[in-house]
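Biologist: I'm new to looking at protein models. Could you walk me through how to read this one?

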Amino acid sequence: MAIEQFIENEVKSNDVVLFMKGTPQFPMCGFSGQVVQILDHLGVSYKGLNVLESDDLRQGIKAYSNWPTIPQLYVKGEFVGGCDIIREMFQSGELAPILEDAGAIAAE
């Protein structure tokens, strides 16, 4: 399976996917760690994919989203953003409703 097909399948078959450096249990960079902390704080169930395990995946996700940095968060097949965008959306209160609408967290 080509990397584009793999990425497309992961994004479409999981409500929330985080392409990150490391794993949700052991983030390998500060930016990935910040997004993991935000998602965990909100109680989000999500799939983390470690781009450090595959150079094809690391380059492929950048091409797929046309976004140059990792981590990248997808909700219901849509690219939401990287660390700075996720952090700003969390602080402004915009992130939780998107995740609630996706069924990834319980509405407060």
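Modeller: Sure, let's go from the whole chain to the sheet and then to its helices. First, this is a predicted model, so local features need pLDDT of at least 70 and side-chain atom pairs count only at pLDDT 80 or more, while totals for chains, interfaces and linings use all residues. Residues are numbered from 1 along each chain as its sequence is written, and side-chain values use heavy atoms, with hydrogens and water left out.

Biologist: Okay! How many helices and strands does the chain have?

Modeller: Helices (H or I, at least four residues) and strands (E, at least two) are DSSP runs, numbered from the N terminus. Here there are five helices and four strands, and from the N terminus they come in the order α-β-α-β-α-β-β-α-α.

Biologist: And how compact is the chain as a globular protein of its length?

Modeller: You look at the radius of gyration, taken over C-alpha atoms, and set it beside the globule rule, 2.2 Å times the number of residues to the power 0.38. The chain has 13 Å, close to the 13 Å that the rule gives for 108 residues, so it is as compact as a globular protein of that length. The C-alpha trace spans about 40 × 25 × 25 Å along its principal axes.

Biologist: Now the sheet. In what order do the strands sit?

Modeller: The general idea is that strands of a sheet pair through backbone hydrogen bonds, either parallel or antiparallel. We call two strands paired if DSSP finds at least two bridges between them. In this model the order is E2-E1-E3-E4, an open sheet with mixed pairing. Strand E2 (47–50) and strand E4 (78–81) are the edges, each pairing on one side only.

Biologist: Which way do E1 and E3 pair, parallel or antiparallel?

Modeller: Antiparallel: E1 (residues 16–20) and E3 (residues 72–75) share four bridges, and Phe-19 has Gln-72 in E3 as its bridge partner. E3 and E4 also pair in the antiparallel sense, over three bridges. There, Val-75 has Glu-78 as its partner in E4. The hairpin of E3 and E4 has two residues between the strands, and Lys-76 takes a positive phi near 50° in it.

Biologist: Which strands does H3 touch?

Modeller: Contact means heavy atoms within 4.5 Å. Helix H3 (residues 55–65) packs on the sheet and touches E1, E2, E3 and E4.

Biologist: Which residues of H3 are buried?

Modeller: Buried means under 20% relative accessible area, exposed over 50%, and partly exposed in between (1.4 Å probe, protein chains only). By that cut-off, 42% of the 108 residues in the chain are buried. In H3, the buried ones are Leu-57, Gly-60, Ile-61 and Ser-65. They cover an arc of only 115° around the axis, which puts them on the same side of H3; that arc is the one of the directions from the helix axis to the C-beta atoms. Asp-56 and Ala-63, on the other side of H3, are exposed. The buried residues of H3 pack against H1, E1, E2, E3 and E4.

Biologist: What about H4, which of its residues are buried?

Modeller: In H4 (residues 83–92), Cys-83, Ile-86 and Met-89 are buried. Their arc is only 135°, which puts them on the same side of H4. Glu-88 and Gln-91 are exposed on the face turned away from that buried side. The buried residues of H4 pack against helix H2 (30–42), E3, E4 and helix H5 (95–101). After H4 comes Gly-93, with a positive phi near 85°.

Definitions and conventions. Axes fitted to C-alpha atoms, helices over the stretch in contact; angles between N-to-C directions.
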